[in-house]
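These notebook entries record what I looked up in the structure shown below. I proceeded by topic and noted each result in turn.

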Amino acid sequence: MKKTPSMDQWLQEAKQAPNADKVGMYLVHNGTVRVTARAEVRQEAGQTRPVKGMVFSHDREKVAAAEDATRALEGIYYVRTWLDEGQLSVGDDLMYVLVGGDIRPHVLSALDFLVGKLKTECVREQELYD
């Protein structure tokens with residue numbers, strides 16, 4: 001388990017980055033380990049046993065590629081990610097994502113794009129049950 005980053009610090013750094021003067025909006029995503037199994041939440045299964053934790057890992061090269069693809073989107077000027085790894089408990093942070101861009105529709109789309117790529121292409125999640 002890595003040390004969780006400070007979003008206040010991340011935002012301060014983002015506002016000092018190149019092109020910060022073009023950014024009109026920053027959005028943060030904080031993914032956490034939940035007690036309800038993914039299959040139940042996504043309605044792929046009925047009620048399941050409670051999740052007690054998760055083994056979480058990621059491919060750093062794929063994460064970097066996802067960040068680069070997001071930076072290439074229209075109106076996006078800042079992208080930063082942090083992903084934990086190892087055995088985590090319910091309530092622990094899985095990831096933080098910060099996206100900054102010119103207008104709300106661009107930033108919302110970029111955040112959805114990046115989190116989607118991270119979840120489908122970059123991370124491995126193994127839920128642990130009681």
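Entry 1: strand 4 and its partner. I began with a single pair and found that Met 54 stands opposite Leu 88 in strand 4. The model is a predicted one, and I read every entry here with that in mind. I then looked up the pairing as a whole: strand 2 and strand 4 run antiparallel to each other, with four bridges between them.

Entry 2: the sheet around strand 2. I next asked in what order the strands of this open sheet are arranged. The sheet has three strands in the order 4-2-6, and the pairing is antiparallel. Its edges are formed by strand 4, residues 86-89, and strand 6, residues 123-129, each of which pairs on one side only. I also noted the twist: on average, neighbouring strands of this sheet are turned by 25° against each other, direction ignored.

Entry 3: strand 2 against strand 6. I found seven bridges between strand 2, which spans residues 51-58, and strand 6, in the antiparallel sense. Two positions served me as markers. Val 55 stands opposite Gln 126 in strand 6, and Gly 53 has Leu 128 of strand 6 as its bridge partner. I then looked for what lies across these strands. Helix 4, residues 104-122, lies across strand 2 and strand 6 and runs at about 75° to strand 6.

Entry 4: His 58. Is His 58 buried or exposed? I located His 58 in strand 2. His 58 has a relative accessible area of 9%, and therefore counts as buried, the limit for that class being under 20%. Leaving out residues up to four places away in sequence, I listed its contacts as Lys 2, Val 63, Leu 83, Asp 84, Glu 85, Cys 122, Val 123 and Arg 124.

Entry 5: strand 3 and strand 5. One of the contacts of His 58, Leu 83, led me to the next pair. Leu 83 has Met 95 in strand 5 as its bridge partner. Strand 3 and strand 5, the latter covering residues 93-101, pair in the antiparallel sense over seven bridges. I checked the burial of strand 3, residues 76-83, and found it mostly covered, with six of its eight residues buried.

Entry 6: Asn 19. I looked up the backbone here and found a positive phi of about 70° at Asn 19, although this residue is not a glycine. Most residues other than glycine have a negative phi. Asn 19 sits in the loop between helix 1 (7-14) and strand 1 (25-32). Its relative accessibility is 35%, so I recorded Asn 19 as partly exposed.

Entry 7: the largest pocket. What is the volume of the largest pocket? I noted about 190 Å³. The pocket is lined by 16 residues, of which Thr 32, Arg 34, Leu 94, Lys 119 and Glu 125 are the closest to its centre. Strand 1, strand 2, strand 5 and strand 6 are the elements that give two or more residues to the lining. Strand 1 gives the most, with four residues. I sorted the lining by class and obtained five nonpolar, five polar and six charged residues.

Conventions. Residues numbered from 1 in each chain as written. Predicted model: local features only at pLDDT ≥ 70, side-chain atom pairs only at ≥ 80, totals over all residues. Heavy atoms only, no water. Pairing = 2+ DSSP bridges. Axes fitted to C-alpha atoms, helices over the stretch in contact; angles between N-to-C directions. Contact = heavy atoms within 4.5 Å. Buried < 20%, exposed > 50% of the residue type's maximum accessible area, 1.4 Å probe, protein only. 1 Å grid on protein atoms, 1.4 Å probe; cavity = no way out; pocket = protein on both sides within 12 Å on 5 of 7 lines; lining within 4 Å. Points joined across faces, edges and corners; volume = space filled by probe spheres on them. Nonpolar A, V, L, I, M, F, W, Y, C, P; charged D, E, K, R; others polar.
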